[in-house]
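Hi,

Here's the structure I promised to pass along. Have a look at it first, and then read on for what turned up.

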Amino acid sequence: MIATAAPSRSPRHALNDGDLRSLLLIRHFERALLRLFEQGVLSGTTHTCLGQEYIPVAVSALLRDDDFVFSNHRGHGHFLARHPDPHGLLAEIMGREGALCGGVGGSQHIYHRRFLSTGVQGESLPVATGVGLKLAGTGALACAYIGDGTWGEGAVYEALNMASLWRVPLLVVVEHNGIAQSTPTSAQMAGTIAARAAAFGVRHHHVTSTDVGEIRQALAPLVDAVRAEPSPLVVEFATHRLGPHSKGDDTRPPEEIRRVRESDWYDRHAELDPEWFARIDREQRELVERVVAEVSARPHSRSGGAA
Amino acid sequence: MTRVSEHLNQALHDLMESDPSVHLLGEDVGDPYGGAFKITRGLSGRFGSRVRSTPLSEGAIAGVGAGLALAGDKAIVEIMFADFVALAFDQITNFAAKSTSMYGRPVPVPLVVRCPTGGNRGYGPTHSQNPQKHFIGVPGLSLFEMTPFHDVGELFARMFGLGRPCLFFEDKVLYTRQMFRIDDLFRFELVDDVARVYLDGAGRPDCTLVTHGGLVHRTLDAMRALLLEDDLVCELLVPAQLYPVPPLPGLEDAPHVCVVDDGTEGGTWAAEVATALYPRLWDRLRRPITLINSADGVIPAAPHLEREVLVQADSIRAAVREALS
Ligand SMILES: Cc1ncc(C[n+]2csc(CCOP(=O)(O)OP(=O)(O)O)c2C)c(N)n1
Ligand SMILES: [Mg+2]
């Protein structure tokens, strides 16, 4: 799964075409979902990863085909960065033919190849530890994405303890966006994630950059160590949730939302190389529009008819 | 006209106002969010630290609620989606419920755990369940459910009055319905704990249905179709207390009884109701009590698949027709 195309870098920019494509595919996919909800076409709920797209884009290039990825409620980016199959994912969310899991799981419950998500917070980490235990020694690892709020669940600690004791190749990617649904981290987490990892003797790395190349460069040797030693690692990203928790439920004050917008990668990348960015942006927007049109025209999925 | 969600919200306001020993805990229950389903809106602004938005820690917040109750106060714990009450199973069944009797003397634990249940909203397998059945028959634990007929303030008073922990289930679709107003074909009255819904002046019904709050509207839709299209008169009984099963009124001359239960098949509340009724009705029943449940399967996210799995008005109607044919 390492870089799909030969990296053709923008001269003024650390990003290659493939990374920008991936970022923008996720961005336009998530925007399309919110639009479809507004139009009343989608049911249930959805959690977009707007603003956080760069995390799975950076991480996925460090993953191998035989790694196992565990995702959560905010998982569309995790999936698309690993498997660029927007048709299958949208069909799953819309319950149409070609759905990844027959439309049974929907947005939050996907099992496709070595990618698995579930909608109960904290549930995945013990399972990832078990999968990692099996993978230990093969060079493969189990990677689990969790949010800051999920550190409230006891299962997270029970898993970290075992992963450390048993030297499990477990990569925990923490998307610390400072909020859990409506509750700011300051109101739900005492102490720090770093100190919690340290308490279990688990290595912790803090990422503040939003630059995909820079992040990868820093993480590559650490992820290699997870595989080789093996040992667990917690990588904590300081990030921002651009959109609502699900849809239409953002109660943050406007100043805060404005601050979050200012930290978004989208405009920054667009300014660095406008022509290059605009070309790929249009390409991915149109791709997502086509995916929406095609999948919307399909008949309903049949249960047991997973793609 | 009051929506069920507003009625609940008002009841919580009244309760916390009138009883300063009541605490409320749950994820995102504070303002301005006011809970995932907005049931706790306005409470944190009014009652300060008696209302706490908690970390994602279902097991521990149920335990904290039990601790407040043990220490002489009262606690309401909101589980954001009933599915996650599984994470609090130990605290509820092995601590809160057992503590009322395992120390060799009565220990009051006035704790109410509120659980928004049910599907038909496309939320998928981990956000749509009816976990009532998993808590039936736990010594020291009582189960109640929100209905459109029961004043919820009175229910809170009753639950706290028991001095033992209670689970209170609230169907998420019911939140959007009106309190005390139903299909204009039927009337209702309260007979002790149980709401009795009947056709005015109809005499003996062909079938008596028993259901819980979340299924009331689907069952009423079925009753309407059975009456208008099949010429079958049904009566409906809706207890607010699910377990222990309370006395159900007026079944003595029912030719047939159907229990309608949104939980999945197997080890069900419906079976528990039937077990309670058989000794009483054995001589008079012409055929076994019909049990109607959701299918034995996970609840799919896609609406067209979800619909097939859950109990619907048409499946209730079909089951009643078949039983009476
Ligand atoms: C066990 C459990 N409790 C509660 C929820 C409801 N819920 C879904 S996401 C969420 C907040 C999660 O916050 P965080 O882990 O920070 O992830 P983020 O949404 O910020 O990406 C909550 C409370 C859940 N899905 N599972
Ligand atoms: Mg978060």
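A quick definition before the details: a polar contact here is a pair of N or O atoms within 3.5 Å. Also keep in mind that this is a predicted model.

Let's start with ligand 1. Which residues come nearest to ligand 1? There are 22 residues around it, and the nearest are A:His73, A:Arg74, A:Gly149, A:Thr150 and B:Glu58. Because the surrounding residues come from chains A and B, the site is shared between chains.

Three side chains from chain A make polar contacts you can check on screen. The side chain of A:His73 has an N or O atom 2.7 Å from an oxygen atom of ligand 1. For A:Arg74, a side-chain N or O atom is likewise 2.7 Å from a ligand 1 oxygen. A:Thr150 puts a polar side-chain atom 2.7 Å from an oxygen atom of ligand 1 as well. On its own, ligand 1 has 580 Å² of accessible area, and the protein covers 99% of that.

As for the surroundings, ligand 1 takes up the space of the largest pocket. The shell around ligand 1 is made up of ten polar, seven nonpolar and five charged residues.

Now for chain B. Its domain assignment gives domain 1 as 4-176 and domain 2 as 187-324. Taken over C-alpha atoms, the centres of these two domains of chain B are 26 Å apart. Their contact involves 29 residues from domain 1 of chain B and 35 residues from domain 2 of chain B.

Cheers

How values were computed: Residues numbered from 1 in each chain as written. Chains lettered and ligands numbered in written order. Predicted model: local features only at pLDDT ≥ 70, side-chain atom pairs only at ≥ 80, totals over all residues. Heavy atoms only, no water. Near = heavy atom within 4 Å. Polar contact = N/O pair within 3.5 Å; in protein donor to acceptor, adjacent residues only side chain to side chain. Areas by Shrake-Rupley, 256 points an atom, 1.4 Å probe, with all protein chains shown as cover. 1 Å grid on protein atoms, 1.4 Å probe; cavity = no way out; pocket = protein on both sides within 12 Å on 5 of 7 lines; lining within 4 Å. Sits in = over half its atoms within 2 Å of the grid points. Nonpolar A, V, L, I, M, F, W, Y, C, P; charged D, E, K, R; others polar. Domains from an automatic or database assignment. Contact = heavy atoms within 4.5 Å.
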